[in-house]
Amino acid sequence: MFNLVLGGRRSGKSLWAENEALAVASSIHAGSGKLLYIATAPPPLPGDVEMQRRISEHRQRRESQLSMLWEETSGQPP
């Protein structure tokens, strides 16, 4: 299954896509499938502190969500 999520800037695409990916991943038993999540954005311009902060927040949120999912499905990260 492939999903492409499109929308305007700051419209909630990332959060929606992450929640969908987690729902799919939760239904996949450890070792029986793989989930690939790709988030895209142009690299922030030098000095674009706002974009750097947003990217950092997105990464931290995903790392937190994935570590919880790994613990639920396999007891440890891959």
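Helices are taken here as DSSP runs of at least four residues, numbered from the N terminus. In this predicted model, helix H1 covers residues 13–27. Helix H1 has 15 residues and reaches 22 Å from its first C-alpha to its last, close to the 21 Å expected at 1.5 Å a residue.

Five residues of H1 are considered next: Ala17, Glu18, Ala21, Leu22 and Ala25 are buried. They cover an arc of only 135° around the axis, which puts them on the same side of H1. An α-helix has 3.6 residues a turn, so residues three or four places apart point the same way.

Glutamate 18, one of the buried residues of H1, has a relative accessible area of 3%. Because buried means under 20% relative accessible area, glutamate 18 falls in that class with its 3%. Leaving aside residues up to four places away in sequence, glutamate 18 touches Tyr37, His58, Arg61, Arg62 and Gln65. With one of these contacts, arginine 61, glutamate 18 also forms a salt bridge, in which the closest N and O atoms are 2.6 Å apart. This pair links distant parts of the chain, since glutamate 18 is in helix H1 and arginine 61 is in helix H2, 43 residues apart. Glutamate 18 is buried, whereas arginine 61 is partly exposed, with a relative accessible area of 27%.

A search of the whole structure finds four salt bridges. Besides the pair of glutamate 18 and arginine 61, they include one between the side chains of glutamate 50 and arginine 10, at 3.6 Å from N to O. Here too distant parts of the chain are linked: glutamate 50 belongs to helix H2 (residues 49–73) and arginine 10 to the segment before H1, with their positions 40 residues apart. Glutamate 50 is partly exposed at 36% relative accessibility, while arginine 10 is exposed, with a relative accessible area of 59%.

Another salt bridge joins the side chains of glutamate 57 and arginine 53, with an N to O distance of 2.5 Å. Both residues are in helix H2, and because they are four residues apart they are separated by about one helical turn. Glutamate 57 is partly exposed at 39% relative accessibility, and arginine 53 is partly exposed at 34%.

The pairs just described also share a network: Arg10, Glu50, Arg53 and Glu57 are linked by salt bridges. In this network, arginine 10 comes from the segment before H1, and arginine 53 and glutamate 57 come from helix H2.

Methods. Residues are numbered from 1 along each chain as its sequence is written. This is a predicted model: local features need pLDDT of at least 70, side-chain atom pairs count only at pLDDT 80 or more; totals for chains, interfaces and linings use all residues. Side-chain values use heavy atoms; hydrogens and water are left out. Helices (H or I, at least four residues) and strands (E, at least two) are DSSP runs, numbered from the N terminus. Buried means under 20% relative accessible area, exposed over 50%, partly exposed in between (1.4 Å probe, protein chains only). Contact means heavy atoms within 4.5 Å. The expected span of a helix is 1.5 Å times one less than its number of residues. The arc is that of the directions from the helix axis to the C-beta atoms.
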